[in-house]
Amino acid sequence: MKCRVCRGPAIIDIRRHNANFCAEHFLKLCRDQTAKAIDRFAMLEPSDRILVAVSGGKDSLAVWDILTELGFDADGFYVGLGIGDYSDTSAGYARRFASERGLTLHTEDLLRDHGFDVPHGSRAAKRAPCSACGLSKRHLFDEAARRGGYDAIVTGHNLDDEAAVLMGNVLHWHTDYLGRQAPLLPARHGFPKKAKPLVRLTERETAAYCVLRGIDYLVDECPMAVGNKHLAYKAALNDIERDSPGAKYDFYFRFLDQAASRFETTLDTDTDQIPLAPCTRCGAPTNNAICSFCALTERATSAVPLRMGATRRAPHPEEANS
Amino acid sequence: MKVHLRNPTRELEIEGPITVSALLDQLDLNRESHLVIEDGTLVPADKMLSPHAVIEIRSVISGGER
């Protein structure tokens, strides 16, 4: 295999481009694809102050690295979710990445700062762990960006993520969500804009980027995500991609080009027209008295009620024998 | 050769020489969702791996609700 650009020995094949690349030109491809996504969707301005949502995984560290290489002013924000060793380890990867490159990483901890962690909080609130985790992260990223005066939140969502979400929304015809599949959500109601600059790169490419750039990231999967539908959709799409290279790209980008606009009306009427007021607890914009995160916090931190009335205990072995 | 796999972590002994793509086929692993790494760098699909190679096959799929 030879690199399409320089004809030197290739180290990776990208079948949807029908091309192979050496390390140098593969890294350039990743930066070019990211810059192209930023340009096409007008995601970021050169003067923007950017807050990158960092998990310690490949995608968030790759996007932080690429944005820095492209000359953007980007700080990181990490949320400790309290998922045992997984969270401790992921925090270590995020901190090492930032300190080795002299970048600023802000951190917040769900248990220390809000009184619950994802495993216990989701159970107490009767929510799926991934749902409680996603809600908490979205809220805390928004608040950190508003507090710090950032213009944009950037996440490491890649082509596989977006294609898998699209597949789930199409399978269940979640038309309200189909209106929100664009890789840029403009600033509104006091929330900063949210951008996904890696949408032109697959997970295989972001992982390869990290390996070639010497970025040490958390390879192990989140123990709470095992078996979720999102992963099943990704596996199904990769089975299709194996036989039809470029299928994931066409599925997502042709949806954006040819179908997404048909669902935007739903977004306008459902969300944008509803006036928001500050949450009475935290001040975040919400259409309820308290925001979803404060409602989750209330349920997740509430004490388990004591059962009233006579209780039984198991007899001590000596009592049982007497 | 020694093959180190992640998610879940396990070690396999595979007979070589064998190409990267044949190895992935033998283990029923999709090339779209795995990287093959030797000596800290990527190895392409047509590379012939020696019987004494030590390699890592890394799954690249991640994510809950993101």
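Colleague: How do you know that β4 and β7 of chain B pair?
Modeller: In this predicted model, strand β4 (residues 34-38) of chain B and strand β7 (residues 54-59) of chain B are joined by five bridges, in the antiparallel sense. Pairing takes at least two bridges, so five bridges qualify. Within that pair, Glu38(B) sits opposite Ile55(B) of β7(B).

Colleague: What makes the sheet around β4 and β7 of chain B an open one, and which strands are at its edges?
Modeller: The five strands run in the order β2-β1-β7-β4-β5 (chain B), with mixed pairing. At the edges stand β2 (10-13) and β5 (41-42) of chain B, and each has a single partner strand, so one side of each has no neighbour in the sheet.

Colleague: Which helix of chain A lies across that sheet?
Modeller: That's α9 (residues 203-213) of chain A, which lies across β4, β5 and β7 of chain B and runs at about 20° to β4(B).

Colleague: How many residues of each chain are in contact, and what supplies the chain A side?
Modeller: There are 33 residues of chain A in contact with 21 residues of chain B. On the chain A side, β1 (12-14), α6 (129-148), α9 and α10 (229-243) each supply at least two residues. The most come from α10(A), with seven residues. By kind, the chain A side splits into 15 nonpolar, eight polar and 10 charged residues.

Colleague: Staying with α6(A), how do you know that its length agrees with that of a helix?
Modeller: Set the expected span against the ends: with 20 residues at 1.5 Å a residue, α6(A) should span 28 Å, and its end C-alpha atoms are 28 Å apart, so the two agree. Its buried residues include Pro129(A), Cys133(A), His139(A), Phe141(A) and Ala145(A). After α6(A) comes Gly149(A), with a positive phi near 70°.

Colleague: What makes you put the buried residues of α13(A) on the same side?
Modeller: The buried ones in α13 (residues 292-301) of chain A are Phe293(A), Cys294(A), Leu296(A), Thr297(A) and Ala300(A). They cover an arc of only 155° around the axis, so they sit on the same side of α13(A). Among what covers them are α4 (110-114), α5 (118-124) and α6 of chain A.

Colleague: Why is Arg7(A) called exposed?
Modeller: Arg7(A) has 9 other C-beta atoms within 10 Å, and the cut-off for exposed is 12 or fewer, so the word fits. Arg7(A) lies in the segment before β1 of chain A, and its phi is near 65°, positive in a residue other than glycine.

Colleague: And what makes Asn18(A) exposed?
Modeller: Asn18(A) has 10 other C-beta atoms within 10 Å; with the limit at 12 or fewer, Asn18(A) counts as exposed. You'll find Asn18(A) in the loop between β1 and β2 (19-21) of chain A, with a positive phi of about 50° although it is not a glycine.

Colleague: Why point out such phi values at all?
Modeller: Because most residues other than glycine have a negative phi.

Colleague: Why is β3 of chain A called mostly covered?
Modeller: Five of the six residues in strand β3 (residues 49-54) of chain A are buried. Six bridges join β3(A) to strand β4 (residues 73-80) of chain A, and the two run parallel. Ala53(A) stands opposite Phe77(A) of β4(A).

Colleague: What makes the bond from Gly16(B) to Pro17(B) cis?
Modeller: Its omega is near 0°. Pro17(B) is in the loop between β2 and β3 (18-19) of chain B.

Key
Residues are numbered from 1 along each chain as its sequence is written. Chains are lettered from A and ligands numbered from 1 in the order in which they are written. This is a predicted model: local features need pLDDT of at least 70, side-chain atom pairs count only at pLDDT 80 or more; totals for chains, interfaces and linings use all residues. Helices (H or I, at least four residues) and strands (E, at least two) are DSSP runs, numbered from the N terminus. Two residues are in contact if their C-beta atoms, placed from the backbone, lie within 7 Å. Axes are lines fitted to C-alpha atoms, for helices over the stretch in contact, and angles run from 0 to 180 degrees between N-to-C directions. Ala, Val, Leu, Ile, Met, Phe, Trp, Tyr, Cys and Pro count as nonpolar, Asp, Glu, Lys and Arg as charged, and the others, Gly among them, as polar. A residue is buried if 20 or more other C-beta atoms lie within 10 Å of its own, exposed if 12 or fewer, and partly exposed in between; C-beta atoms are placed from the backbone. The arc is that of the directions from the helix axis to the C-beta atoms. The expected span of a helix is 1.5 Å times one less than its number of residues.
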